[in-house]
Amino acid sequence: MTDRVEIIELIQRTKSFYVLSHMQPDGDSIGSLLAMGEVLQVMGKDVKLFMPGQIPRRYAFLKGSDQIAYQDLVGNKDVVAIVLDSSDLDRLGYFKANILQSHQIINIDHHITNQHFGNLNLVDPAASATGEIIFDIIKDLQVALTESIAEALYVAISTDTGSFKYDNTTAKTHLVIAALLEYNLSPALLSQRMFDERPLSFYVLLKEALSSIEIYDNRKIAVMTLGKDIRERTGAMNDDLEGIVNFARNIEGVELGILFYIESQEEVKVGFRSRTVDVSVLAGKLNGGGHPRAAGCRILGNFEFAKEIVMREACALLNGLPV
């Protein structure tokens, strides 16, 4: 019996659930969390939703987003924890210790770097998004979609495929989206909310990022650098950082875009975006993770140290050297 079958059976016979997703939440993590939460509620389950970080403003319109708790998760051996879109338990931040006290942990994800940390694991790197896997689980559970579940899954899949521009978009992805569009969704309005509308603070932050661009390795790598002080000075929020690294990757001739975000003197967060190379390999080498074209890591140390080791590994990756 596969983990998939066991997961369906465990969900069907269990009463109480914690459903969680990762820190620095994105559209896939939020959409999957809300869709899975509503499905369990429709089934009459006792469900609590958790996320170790505030939901970005652009996703706050989704039904159920006000039900997500950011603290007060109490360890409970009678509860089954469903962890979504998280390659490892460290991505749960301050919830990790209490989640380990759960009766069982179900791990549902599509990251190739997933560590299979659950008692039961459903990890499918061929899926475009965790939301695509949740769609299949809903069918297996024989729960009818609602407009709000469909909307949450549409957000999950469209954001992780870059509005269906990334290589992870497959024929199945479009078939799932076609099924979701039967539920009175407006792709134009959703796209505007997710990809187009940004507060002025985002553009001020983007201006700072663009002014920091450096080009390396025969114009194959573009690097941008931002610090917490710059973000605070511009009035931007943490979620305004999302998508900025794409502007480095999108420069003509550039293969790899890198964003260094200096969180403090002891920590630097790094985002990677590529055209063809597998940056999940690069991130994994630096104790991070992600997708083949979009990944990231966290370096403990000052900016100079972080930049040196990241650029060394990035250049090695692009030049076909062992990484």
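Is Asp239 buried or exposed at 18% relative accessibility? Asp239 counts as buried. The term covers residues under 20% relative accessible area, while exposed means over 50% and partly exposed lies in between (1.4 Å probe, protein chains only). The structure is a predicted model, in which local features need pLDDT of at least 70, side-chain atom pairs count only at pLDDT 80 or more, and totals for chains, interfaces and linings use all residues. Residues are numbered from 1 along each chain as its sequence is written, and side-chain values use heavy atoms, with hydrogens and water left out.

Salt bridges come next. The structure holds 14 of them. Each is a side-chain nitrogen of Lys or Arg within 4 Å of a carboxyl oxygen of Asp or Glu. One of them joins the side chains of Arg57 and Asp239, at 3.9 Å from N to O. This pair links distant parts of the chain, 182 residues apart. Arg57 sits in the loop between β2 and β3, and Asp239 in the loop between α9 (228–234) and α10 (244–249). Helices (H or I, at least four residues) and strands (E, at least two) are DSSP runs, numbered from the N terminus. Arg57 is partly exposed, with a relative accessible area of 43%.

Arg57 also forms a salt bridge with Asp240. Here the closest N and O atoms are 2.8 Å apart. Asp240 too lies in the loop between α9 and α10, 183 residues from Arg57. Asp240 counts as buried, at 1% relative accessibility.

Another salt bridge pairs Lys172 with Asp136, with 2.5 Å between the closest N and O atoms. It links helix α6 (residues 171–180), which holds Lys172, to helix α4 (residues 130–141), which holds Asp136. The two residues are 36 apart along the chain. Lys172 is partly exposed at 35% relative accessible area, whereas Asp136 is buried at 12%. Shared partners join Arg57, Asp239 and Asp240 into one salt-bridge network.

The strands form sheets. In one open sheet, 6 strands follow the order β3-β2-β1-β4-β5-β6, and the pairing is parallel. The edge strands are β3 (68–69) and β6 (120–123), each of which pairs on one side only. Two strands pair if DSSP finds at least two bridges between them. Strand β1 (residues 16–20) is joined to strand β2 (residues 46–50) by 5 bridges, and the two run parallel. Within this pairing, Phe17 has Val47 of β2 as its bridge partner.

Helices lie across this sheet. Helix α1 (residues 3–13) lies across β1, β4 (80–84), β5 (104–109) and β6. Its direction is at about 120 degrees to β6. Axes are lines fitted to C-alpha atoms, for helices over the stretch in contact, and angles run from 0 to 180 degrees between N-to-C directions. Helix α2 (residues 27–42) lies across β1, β2, β3 and β4, at about 170 degrees to β2.

Gln41 belongs to helix α2. This residue is partly exposed, with a relative accessible area of 35%. Gln41 touches Val47 and Gln67, not counting residues up to four places away in sequence. Contact means heavy atoms within 4.5 Å. The C-alpha atoms of Gln41 and Phe17 are 10.0 Å apart, and the two residues are separated by 24 places along the chain.

Another open sheet of 6 strands has the order β7-β8-β9-β10-β12-β11. Its pairing is mixed. At the edges stand β7 (214–216) and β11 (289–290), each with a single partner strand, so one side of each has no neighbour in the sheet. Strand β10 (residues 267–274) and strand β12 (residues 294–300) run antiparallel and are joined by 7 bridges. There, Lys269 has Arg298 of β12 as its bridge partner. Helix α12 (residues 303–318) lies across β7, β8 (221–227), β9 (256–264), β10 and β12, at about 165 degrees to β9.

Cysteines complete the description. A disulfide is a covalent bond between the sulfur atoms of two cysteines. The cut-off applied is a pair of cysteine sulfur atoms within 2.5 Å. The structure holds 0 disulfides. Why is Cys297 without a bond to Cys315? The sulfur of Cys315 is the closest cysteine sulfur to that of Cys297, but at 15 Å it is too far for a bond. Cys315 is likewise in no disulfide. Cys297 counts as buried at 9% relative accessibility, whereas Cys315 is partly exposed, with a relative accessible area of 24%.
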